[in-house]
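This report describes a predicted model. It takes up packing, surface and charged pairs in turn, beginning with the contacts of a single residue.

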Amino acid sequence: MKEAIEFKTSQMKALIKRRNVLNKRYDTTLPEDIPLEVKSELELIENLLNEFDINQSTFDERPTMIGIKNSRDEEWYFQQMKYWIERHPNALNAKFSRSSVYKFALHFFVENIALNANNARLNYSELAQKVNYVNSTKNDSKLTAQLANVENLLGFLLTMQQRQLEYIPEGINLENGFVKYAINPINPTEFQQFGTPTELNPNNELAQSYEEYKKIRRRDKQLIKKYHQTGGQLDDD
């Protein structure tokens, strides 16, 4: 667990940085045009910053020892928490006392939920869903990023091919230097009249070339993986 002063300092810096980023981003925007979610986040950040310190009087009014009535249900929860800590002893520096476990749970919730701007706005159901589906969310985010990258790459390649074919001459008259440009074959009329091969038909040259390209790409991916695994060392073979 982090010391309170250490966590408070780092968290305050993060919140202030986030507040400054949002304020700078919407510095020239009229207040009524600022998105509602941005206003809500800024309000939350201000509330969190205001709640960071507690009054000495508040502390003085609280007992130094806190009694928690135990029951069969509460004991079950405690034992499950203890089992987790036994599998991850570094979380509590191998301290398994009941008070250490309860303090750990309290500190973890405050540091990762109550004072985390990304989680503090969620209600109980939303928070539970986020925790339960964290792996799915990460996988979905990765897949979304990959698809976006593929989309951008395909758009770029199509644009480059379209532009390139516009400047490839069909012929040049050597006597007068006149350049004759053919109609760009990437146009709807050409496709309607003559069609075009696709990589789905295994009998045409495009599909066969595509298969060979995939083999080369798989080989390169394996070589890159091996390169990183061996620290930059590859055998000659």
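## Contacts of Leu115 and the nonpolar cores

Leaving aside its neighbours within four places in sequence, Leu115 is in contact with Phe7, Gln11, Leu48, Phe52 and Val110. Leu115 also belongs to the largest nonpolar core of this predicted model. That core has nine residues in all: Phe7, Leu15, Leu44, Ile45, Leu48, Leu49, Phe52, Leu115 and Ala117. Two elements, α1 (4–25) and α2 (36–50), each give two or more residues to this core. Helix α2 provides the largest share, with four residues.

Apart from this core lies another one, made up of six residues. Phe78, Ile85, Leu92 and Val101 are among them.

## A buried acidic residue in helix α2

Helix α2 also holds Glu41. With a relative accessible area of 9%, Glu41 is classed as buried, because that class covers values under 20%. Outside its neighbours within four places in sequence, Glu41 has Arg18, Leu22 and Arg121 in contact.

## Salt bridges

The structure contains eight salt bridges. One of them joins the side chains of Arg98 and Glu75, with an N to O distance of 3.1 Å. This pair links distant parts of the chain: Arg98 belongs to helix α5 (residues 98–114) and Glu75 to helix α4 (residues 72–87), and 23 residues separate them. Both partners fall in the partly exposed class, Arg98 at 35% relative accessibility and Glu75 at 21%. Glu75 is therefore not counted as buried, since its 21% is not under the 20% limit of that class.

A second salt bridge, between the side chains of Glu166 and Arg163, has an N to O distance of 3.9 Å. Here the two residues share helix α8 (residues 134–166) and stand three residues apart, about one turn of the helix. Glu166 is partly exposed, its relative accessible area being 37%; for Arg163, likewise partly exposed, the value is 45%. In a further pair, Asp220 forms a salt bridge with Arg219, and their closest N and O atoms are 3.2 Å apart. Asp220 is partly exposed with a relative accessible area of 32%, and Arg219 is partly exposed at 46% relative accessibility.

## A nonpolar patch on the surface

Six named residues form a nonpolar patch on the surface: Val150, Leu153, Leu154, Phe156, Leu157 and Met160. Together they have about 580 Å² of accessible area. Leu157, one of the patch residues, lies in helix α8. The relative accessible area of Leu157 is 46%, and this residue is partly exposed. Leu157 can therefore take part in a patch, as its 46% is over the 30% that patch membership requires.

## The β hairpin

Strand β1 (residues 169–172) and strand β2 (residues 179–181) run antiparallel and are joined by three bridges. Gly171 has Lys180 as its bridge partner in β2. The two strands form a hairpin with six residues between them. Within the turn, Gly177 has a positive phi of about 75°.

Notes. Residues numbered from 1 in each chain as written. Predicted model: local features only at pLDDT ≥ 70, side-chain atom pairs only at ≥ 80, totals over all residues. Heavy atoms only, no water. Salt bridge = Lys/Arg side-chain N within 4 Å of Asp/Glu carboxyl O. Buried < 20%, exposed > 50% of the residue type's maximum accessible area, 1.4 Å probe, protein only. Patch = residues over 30% accessible without salt bridge, like charges linked within 9 Å, V, L, I, M, F, W, Y side chains within 5 Å. Areas by Shrake-Rupley, 256 points an atom, 1.4 Å probe, with all protein chains shown as cover. Core = buried A, V, L, I, M, F, W, Y, C linked by side-chain atoms within 4.5 Å. Contact = heavy atoms within 4.5 Å. Pairing = 2+ DSSP bridges.
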